[in-house]
Amino acid sequence: MNSQDQLWDVAVVGAGIAGMSAAIFAASKGLSVLHIGNGSGLVFGSGLLDVLAVHPVKDSTVHEDPWHGIELLRKDEPSNPLALVGPKAMEVAVNQIMEALGKAGMPYEPSTTNHFVPTSMGTLKGTFGVPTTMTSGAKAFENKWPTLLIEIRGLREFSAAQMVHTMGDKWPGLRFEKIEFPDSKGVFELYATHLATALETNKTRQAVIDIVRPLIGDAKAVGFPAILGLSESTAVHKAFEDALGVPVFEIPTMPTSVPGLRLKHSFEVAAAAAGVFRRVQSVVTGVKFDNDIATLTLQDATGNQEVQAKAVILATGRFMGRGLFADREKVREPLLDLFVEQPESRENWHSRDFFAKSGHAINRCGLLVDSKWRPTDAFGAVVWPRLYAVGSILARQDWMRQKSGSGLAIGTAWAAVSAMSDDFGSIGGV
Amino acid sequence: METQVLIIGGGATGTSIMRDLALRGVDCILVEQDDLNAGASGRNHGLLHSGARYVSNDHDAAVECRIEGDILKRLAGQTIQATGGYFVAVQGDDENFIADFPGHCDRAGISWKKIDLNEAFANEPAISRKAIAVYEVPDASIDPFRLSLESVAHAKALGCRLLRRSQVVAFKREGNRITSTTVRDRVTGEEREIVADQIINAAGAWAKIVAGLANIHIDMLYSKGTLLITHNRLAHRAINRLRKPSNADILMPGGTVSIIGTTSVKIDNLDDVYPSIAEVDQIVEESSAMVPDLATVRYIRAYAGVRPLVGASGGDGRSVSRGFALLGHEESGLQNFATITGGKLTTCRLMAEKAADLVCERLGVTTPCVTTSVPLPSAYEGRWTEPGHAPKAWMRSANEDDPLICECEMVSGAVIRNLYNQLVKAGDNPTFTDIGLRSRVGKGACQGAFCAVRAAAHLYQHGAFQGRKGLDQIVDFFDERWGGQHGVLWGEQLAQAELMEALHCGLFGEELK
Amino acid sequence: MEDTVFNGGFFTTALWIALGVCCLGLLWRLVSWLIIKIGPDAKEVSFLQRLGAAIIGGIKAIFSKRLPGIIGGFVLDSLLQRRLFKVSKKRWLGHMLLFYGCLVLIVMHALHVLLADKLFSDYQATLNPFLLLRNVFGVATLVGVVLMTSGRKKDWGKVRPARLPIDALFGILVVVIVVTGFLLEAQKMSSPKAFNRMAEEYGIDEDEIKGLRWVWKLDYGVAFPDLKGEPDPDLLEEGRGYNEDYCVGCHSKPQHAFVSYPVAKAAGLIATSTDAANVDKGLLYIHIFACFFAIALLPFTRVFHVVADPISLVVRGAASSAPLSKAGRVNRRALAMDACIRCGLCDFDCSVGPIAKWMNNQELLPSRKVQATRLVASRSEIKAGQAERLAVGAHLCTDCGRCTDRCPVGLDLADLWDAGRGDLSSKGFPAPAVWVKEEPAIAWAEALGAELGRVPPAGPLTADRNQFSACVQCQTCTNVCPVVANSGEDRVDLAPQQVMNLLRLGMNDLALGSKMVWDCATCYQCQENCPEGIRVTDIMLELRGAAWRQLGPVRDRRRSI
């Protein structure tokens, strides 16, 4: 199949969680989907899927029930995209993606509420979707199990000692041991991905198990930095639990993290399973709209090509993902020059305090959409009848402070694809 | 505590005085309310003036810079890179000014050379093609942190003491003398008394406030100057605009980066000195006439320093030139209090000499100043502020216990541990910010987002950190670093800041403490 | 007429000399396939072993089950030039026109006594279709030459294959032969002298010839200076009768010689004077001697590939079913020297091709490396500077194998490069990776003694600050790097992100001597996974080039001390 030879039902631009989810949702509705973007941004993921943990941001109120949080958000910030998606649709959407990722090799613990997962920084992360390799961490903390954390010499981003020191007052039975990873003598710096791959071999895994087993003592759980296998994490995790005889869990670490790479890989598998056609190494450099057809210019190493689609979903992210770009004057949407709601001047973009309670105003800038998730101009007029925008590029949310990144991405993708397929139904496109 | 001389202010002047006195055998204590070079001494271009900058409007200052620059190059060479400097005029600049420049330089004894434009473009490709005249002068870059750190190290080796985070809160006066000075530890809040024969107020912009505690009025204005740091080094030499000194007309190489500035904004108080968005924009826009790339490069930091401008009424005839002011305060009836302020980084040694001469005269010490002949010894703690030194040192001696912690500036674990332990040994309770001041940690593109995490983990792994210190330190460090990023958050650096927030708020929830 | 030429002993002698040189040349080059030693293992096999391998290989190929495949490949790749067709239709057309134009002219014209006369019972050079076809193929040959030589630069882009003077000379000879051929034909058509000679041979009498002269003036373009005005219709009618009787059987209307006839018309005005000056003789001498010269030259030019290439293709076919013996491999390398047509297709896809220009070292290009490999193998002493360039060319190769895939004449280039590297190493020019790794990176940097900020960039990618300004220090490149993952105790000194970071800092001097640069497997994982689109692998290759360029002199300085 050659992507420029056919008229696609929908072209999804951007391969973060939002773009991936939109592509999967659209394909599972029977639409033909061309997906453009390399998904490298997914490696920044932690593997955890947040829905909503904090609201209101300025009070740092943490919620255990994300659906209740969204209900509150509907009252306080009715135009927040999460509020527009609503708790019901959000639940359906997030569960579908968790199921799809599970089938693609990255299973999530079935969930109805937020869980509090201990992080490598010694903080507790309130999150909804927890990979099965990490769930025992939340349980161990909740039940204050005596727990052993494993520190690995040379893994620079992770100190079990730090976690014990930082969380020790709330978690008395927590202790740590430092180990030397097999065959790492003389290697100054270890990289999580390499350890994860090494643990997929029986020999290395057994060697680590043999080192850790005598250290367990009274511990009822053992925590590792997130290195338990790359593409075979379920099997590696199970092998550790079987051999050590106690629950084993992974602790989310700094990017580039192993769960981030797993997430990328699993989304790719899930998208392929749903029938999405992906153009991985291409970048969309331009979009033109006719009455019914959008023509996208794709650029890759071999040059430019044009592809055509009946609908376009924009999921290009914010500044990191290049979905938004700011020069000294203002924030722009570089692909289509869409209207970006934003603070009046750069003076107001950021607070002078990095951890300012209310967050930074620039993080709430972005695209405005109508009720069908179509970007509008400043006056509410739709740009093109079948151009949709999803994910963090949307205005009036602060996913980093609300701890709602994945929910925002998945929920808006779900809602936009639903609106779009209704539209396809009415024009008889499918 | 007792000492012969109490020095207030740990900038370039205060630390130079400390060393000068130590070399004369005078016991002294230096108290600094924050950390070394926390004021203007750490917030400047790092330019060791050849003097050419001042030839047209301040002949004396130009000569002074030339003489002092030569002394520092000779005796503190490790803190200096002889980059050379260009003075560049572009289309539209005052032609008379350009024509007079060589003559002025000759009168000040500053060597100059007219550079053919094509040669200048070849040597410094970043210069605007609209340049119409280029002169080369012996400007150099100087690392003010290393200078102060090594001055202090030298003085400490000779028996003098440094108290960081110690703020002077009161003076006890009896008759014509200050008998005791109350100093408060800004971390613990503890207060202590220091009894000194002589007190030198070298608090820079804060000198007015310090003098105020002794009921002495100094007529002082504050001028804020903002500078920006680029992600890359754009030029080999100091690039000066050949025109009447104005905004944004010096581009200095700072090792691996370049520094462009400054502005001049009158401010009323010292509480909230930060680079405003308007100043940042002004620098970007004005400087690009001289170096066009400055309009488009990635900036990683903006910072502002305050120049204390001592009014004419404050002078008592001792000032060597308009460059700085040494006030004996005899008119106030005090016999053991002096203030030295103003001046330039380049002339800090001379300022120290004059201030030390004054207190020595008052103390009856006759040992002459030797800072024109004794070299400044290199010290371990001064070495790490030099850009590019850390990667070389690490590559020379990398070992299992010495992984790289700060990837951007390539500072290794051993350096961080040693600096930390050195401060602990000195009785301090060191912070990340302290380590940042003494090394390049957090000064690169990530501005701490990744390296602070690794540094905390490393210090825990080696048992240096206890309790919640790591998390608290990271939060403080980001606040400090953020102050410098705030002004330049657009383009790539905005994306980098977003990543930092995504990690530390989005993932780790550090703001929810 | 030919008889008159060849009856003279001079021409015959010249022909024999030419043929002799040609045959000796052929023999020499064929034998060279069994003599040239390329690769360290070449010294381990004797001439007899190689002869044996060649004979056995030949027999095996003939009796192999794969013979149909080999023949099929020969037809497609050799006769029909399938691979060239895929790359450039224009060059394919040029090649086909030149090759088949020449072939037909040789068979039907040059060797007509031996071949055409025997193949076609009614062969007459002046009769259609032979008259027409000779012009057609003459033109085809010329068009072929033009297509093959014109727009070379444009066709081949930045990589231009080397061309030897002797090949240019051969090309000129072909043009000269064809052009003089046309001129000879034209001259003969317009020449009254030639007409008179033919009339004399056929014993046509004075009366008959009057009418015939008019017919040949009007219908055949002979430029009789004395025939002016209109002919007497009766005389003409009579002449046509004689023409039917005597001439038509052997002479088609000359208009079919669509090149020579217009030339003849144009030349008609001066035909008498050219006749008088014996221009025909001069042209004939040039024509014939150019042919002789070309024959003698043939084994020494690229044209020899018409012999070597089919054999090479057969060898490839044979090698793909069963690995060659050592002697066979050595023979194949020697054969490659003659089979390579310097077409430059290999340069198109070369992984390191793009940096050849930046490094100003054409020896990186595969088409150049074929000859360089031979040079290194054959001479005992190579000038140091040149050897360095050759060594870099040989050692920067990533062994991606694309050149071998592309080669239209079936060379095993990968094996050739391998052998060449061996020869270079044994001559004291080991891979830069070998001598660079003798010192740690920091030692190289210190030896370079470059001041911070004054290190020249390694290449255009390194010089481009936008490459690095996007880097967010996420270390994805290192996390996906199989070399770092599997280095174990033989750890890399700098991880990929550290190499990139040194470049970002403008401290490339510290990266130049890094083991990582030379251990890089060029798998492109880092480049493909970088979230910021930094061309990590390409930059590594750039560093290899720069390492040689900048560290080589340092090493030489040290050696001389």
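Biologist: In this predicted model, what share of the contacts in chain C with a separation of 6 or more comes from residues 24 or more positions apart?

Modeller: Residues separated by 24 or more positions supply 78% of those contacts in chain C.

Biologist: Which secondary structure elements does chain C have, helices or strands?

Modeller: Chain C contains 35 helices and zero strands.

Biologist: What is the radius of gyration of chain C, beside that of a compact globule of 561 residues?

Modeller: For a compact globule of 561 residues one would expect a value near 24 Å, whereas chain C has 32 Å. Along the principal axes, the C-alpha atoms of chain C fill a box of roughly 105 × 55 × 45 Å. Of its 561 residues, 43% count as buried.

Biologist: How are two packed helices described?

Modeller: One states the angle between their axes and the distance between the axes. In chain C, helix α12 (residues 206–220) packs against helix α13 (residues 233–246) at an angle of about 90°, and their axes are 7 Å apart. Angles of 65 to 115 degrees count as roughly perpendicular, and α12(C) and α13(C) are therefore roughly perpendicular to each other. Residues making the contact include Trp214(C) of α12(C) and Tyr242(C) of α13(C). By class, the contact has six nonpolar, three polar and four charged residues.

Biologist: Is Tyr54(B) buried or exposed?

Modeller: A residue is buried if 20 or more other C-beta atoms lie within 10 Å of its own. Tyr54(B) has 25 within that distance, so Tyr54(B) is buried. Tyr54(B) lies in the loop between β3 (47–48) and α2 (59–75) of chain B.

Biologist: Which residues does Tyr54(B) contact, leaving aside its neighbours within four places in sequence?

Modeller: Tyr54(B) is in contact with Ala61(B), Ala62(B) and Cys65(B), those neighbours being left aside. Tyr54(B) and Cys65(B) stand 11 residues apart in sequence and 8.8 Å apart in space, C-alpha to C-alpha.

How values were computed: Residues numbered from 1 in each chain as written. Chains lettered and ligands numbered in written order. Predicted model: local features only at pLDDT ≥ 70, side-chain atom pairs only at ≥ 80, totals over all residues. Helix = DSSP H or I, 4+ residues; strand = E, 2+ residues; numbered from the N terminus. Rg over C-alpha atoms; globule rule 2.2 N^0.38 Å. Buried ≥ 20, exposed ≤ 12 C-beta atoms within 10 Å, placed from the backbone. Contact = placed C-beta atoms within 7 Å. Axes fitted to C-alpha atoms, helices over the stretch in contact; angles between N-to-C directions. Parallel < 35°, antiparallel > 145°, perpendicular 65-115°, else oblique. Nonpolar A, V, L, I, M, F, W, Y, C, P; charged D, E, K, R; others polar.
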